[in-house]
Amino acid sequence: TAAAMKQADLAATGIIDAQDRRIEFLIETGMKSDVAKIRKESVRDLGILYKTRPNYDAINALKQTLYMDDNIFVLVEAARALVAIGVWDSAALEVVLQGIKYGSVDLRCSLLETLRSSRNPHLVNKQSIQFKI
């Protein structure tokens, strides 16, 4: 009853604290790594964690990675994470559309699935340059 609810709250707080620490670690360490694979995995994990623990620092870090990183795999993963969580940044959309246009069959299918299952598709600016033919 009351004791069980208090214990559940403490457990939830522990999970929330662990998620916050993981997000902070990914932003401060993983995304600043010199190894592209670590940056890519950190970006992917941050996008996944955001779905259960929304955090503006995560969005800012993903956007910064999208604008600053020089590795195409990291860029695609950052764009995918942003689109999946419903942040329709024009650069993210550009990377996704270029991946669909020029990527491998597996990448195309993966990006199309990300678009299909993304949040807030009604917020896409369909007047943006990415949609001009």
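User: The expected span of a helix is 1.5 Å times one less than its number of residues. How far apart are the end C-alpha atoms of helix H3 (residues 56-68)?

Analyst: The model is predicted: local features need pLDDT of at least 70, side-chain atom pairs count only at pLDDT 80 or more, and totals for chains, interfaces and linings use all residues. Residues are numbered from 1 along each chain as its sequence is written, and side-chain values use heavy atoms, without hydrogens or water. Helices are DSSP runs of H or I with at least four residues, strands are E runs of at least two, and both are numbered from the N terminus. H3 has 13 residues, which should span 18 Å, and this agrees with the distance between its end C-alpha atoms: 18 Å.

User: How many helices does the protein chain have?

Analyst: The elements run α-α-α-α-α-α from the N terminus on. Strands number zero, and the count of helices is six.

User: What share of the residues in the protein chain is buried?

Analyst: Buried means under 20% relative accessible area, exposed means over 50%, and partly exposed lies in between (1.4 Å probe, protein chains only). The chain has 133 residues, and the buried share is 40%.

User: What arc do the buried residues of H3 cover around the axis?

Analyst: Ala58, Ile59, Ala61, Leu62, Thr65 and Leu66 are the buried residues of H3. They lie on the same side of the helix, because they cover an arc of only 165°. The arc is taken over the directions from the helix axis to the C-beta atoms. Tyr56, Gln64 and Met68 are exposed on the other side of H3, while the buried residues keep to that arc of 165°.

User: Which residue caps the N-terminal end of H3?

Analyst: A polar contact is a pair of N or O atoms within 3.5 Å; within protein, one must be able to donate a hydrogen and the other to accept it, and residues adjacent in sequence count only if both atoms are side-chain atoms. Here a side-chain oxygen lies 2.7 Å from the backbone nitrogen of Asp57, and the capping residue is Asn55.

User: At what angle do the axes of H3 and helix H4 (residues 72-84) cross?

Analyst: Axes are lines fitted to C-alpha atoms, for helices over the stretch in contact, with angles from 0 to 180 degrees between N-to-C directions. The two axes come within 9 Å, and their crossing angle is roughly 145°.

User: Which residues of H4 make the contact with H3?

Analyst: Contact means heavy atoms within 4.5 Å. From H3 come Ile59, Leu62, Lys63, Thr65 and Leu66; from H4 come Val74, Leu75, Ala78, Ala79, Ala81 and Leu82.

User: Which residue offers its backbone oxygen to the side chain of Thr65?

Analyst: Thr65 is in H3, and it counts as buried because its relative accessibility is 9%. Beyond four places away in sequence, Thr65 touches Met31, Val43, Val74, Leu75 and Ala78. A polar atom of its side chain lies 2.9 Å from the backbone oxygen of Ala61.

User: How many of the 13 residues of H4 are buried?

Analyst: The list of buried residues in H4 includes Glu77 and Arg80 alongside Val74, Leu75 and Val76. They pack against helix H2 (36-52), H3, H5 and H6. H4 is mostly covered, with a buried count of eleven.

User: Which residue has a side-chain oxygen reaching the backbone nitrogen of Phe73?

Analyst: This is the start of H4, and the approach is to within 2.8 Å. Just after H4, Gly86 takes a positive phi of about 95°. The residue that reaches Phe73 is Asn71.

User: How far apart are the C-alpha atoms of Arg80 and Ala92?

Analyst: Arg80 is found in H4, and it is buried because its relative accessible area is 16%. Leaving aside neighbours within four places in sequence, Arg80 contacts Val96, Leu107, Ser110, Leu111 and Thr114. Arg80 and Ala92 are twelve residues apart along the chain, with a C-alpha separation of 7.3 Å.

User: What is the relative accessibility of Thr114?

Analyst: Thr114 is in helix H6. Apart from neighbours within four places in sequence, Thr114 contacts Arg80, Val83 and Ala84. Thr114 counts as buried because its relative accessibility is 10%.

User: Which helices do the buried residues of H5 pack against?

Analyst: The buried residues of H5 are Ala91, Ala92, Leu93, Val95, Val96, Gly99 and Ile100. At the start of H5, a side-chain oxygen of Asp89 comes within 3.0 Å of the backbone nitrogen of Ala91. The packing partners of the buried residues are H3, H4 and helix H6 (105-117).
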